[in-house]
Amino acid sequence: SGLFASQIDFVLSTTTGINFAPAAGDVVIFAFFDQVLVDATTGPGWSFVDSGGKIGNIICTNCWAAASTAAGLAGIFLNSTTLDGFTWANGHVRANNKNGIYVAHGVNITITGSQIFNNGAGSVGTYHGIRDFLKIK
């Protein structure tokens, strides 16, 4: 599979802005996002979760994850044991109610050249810009 998405806005979603959750036997690979904005969601802005399928080679360049409200764990939620290859480059992650980026599972994760600020508004000092359970480099 493959996908290229450019200059798209997802604003005021009642759940997750962009959700990667392929079913068993399915794959979501080679997805390229450029200037994709996800803002004001009630769940995570960008979500990568286990649902039986595989996720890999996801590249987000100049993208946005902001204003995920109370129900959302983060602007970007990486929680798939099958996630292999995620890059967030030159993007913005801001003003999320909880964590900016929440990394619970996944391998080959790169976050570079991005602005990550003003997250954790729901409880100052409780949430993180990047909550990293894997200690990515």
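In this predicted model, F4, F30, F32 and I59 together make a nonpolar surface patch of about 380 Å². F30 has its place in strand β3, and because its relative accessibility is 40%, F30 counts as partly exposed.

The interior can be set beside this patch. In soluble globular proteins, nonpolar side chains tend to be buried together. Here the largest nonpolar core holds 23 residues, among which F33, W46, F48, I58, I76, F86 and W88 touch the most other members. Two or more residues come from each of the elements β2 (18-20), β3 (27-39), β4 (46-49), β5 (54-61), β7 (74-89) and β9 (99-112), and β7, with five residues, gives the most to this core. Leaving aside residues up to four places away in sequence, I58 touches F20, V28, A31, F33, F48, G85, F86 and T87. A second core, separate from that one, consists of five residues, including V49, A74, F77 and Y102.

For the chain as a whole, the secondary structure comes to eleven strands and zero helices. The radius of gyration is 13 Å, close to the 14 Å that the globule rule gives for 137 residues, so the chain is as compact as a globular protein of that length. Further values for the chain follow.

| Property of the chain | Value |
|---|---|
| Box filled by the C-alpha atoms, along the principal axes | roughly 40 × 30 × 30 Å |
| Residues that count as buried, of 137 residues | 42% |
| Contacts joining residues at least 24 apart, among those between residues at least 6 apart in sequence | 78% |
| Exposed area | about 6500 Å² |
| Part of the exposed area supplied by carbon and sulfur atoms | 55% |

Notes: Residues numbered from 1 in each chain as written. Predicted model: local features only at pLDDT ≥ 70, side-chain atom pairs only at ≥ 80, totals over all residues. Heavy atoms only, no water. Core = buried A, V, L, I, M, F, W, Y, C linked by side-chain atoms within 4.5 Å. Buried < 20%, exposed > 50% of the residue type's maximum accessible area, 1.4 Å probe, protein only. Helix = DSSP H or I, 4+ residues; strand = E, 2+ residues; numbered from the N terminus. Contact = heavy atoms within 4.5 Å. Patch = residues over 30% accessible without salt bridge, like charges linked within 9 Å, V, L, I, M, F, W, Y side chains within 5 Å. Areas by Shrake-Rupley, 256 points an atom, 1.4 Å probe, with all protein chains shown as cover. Salt bridge = Lys/Arg side-chain N within 4 Å of Asp/Glu carboxyl O. Rg over C-alpha atoms; globule rule 2.2 N^0.38 Å.
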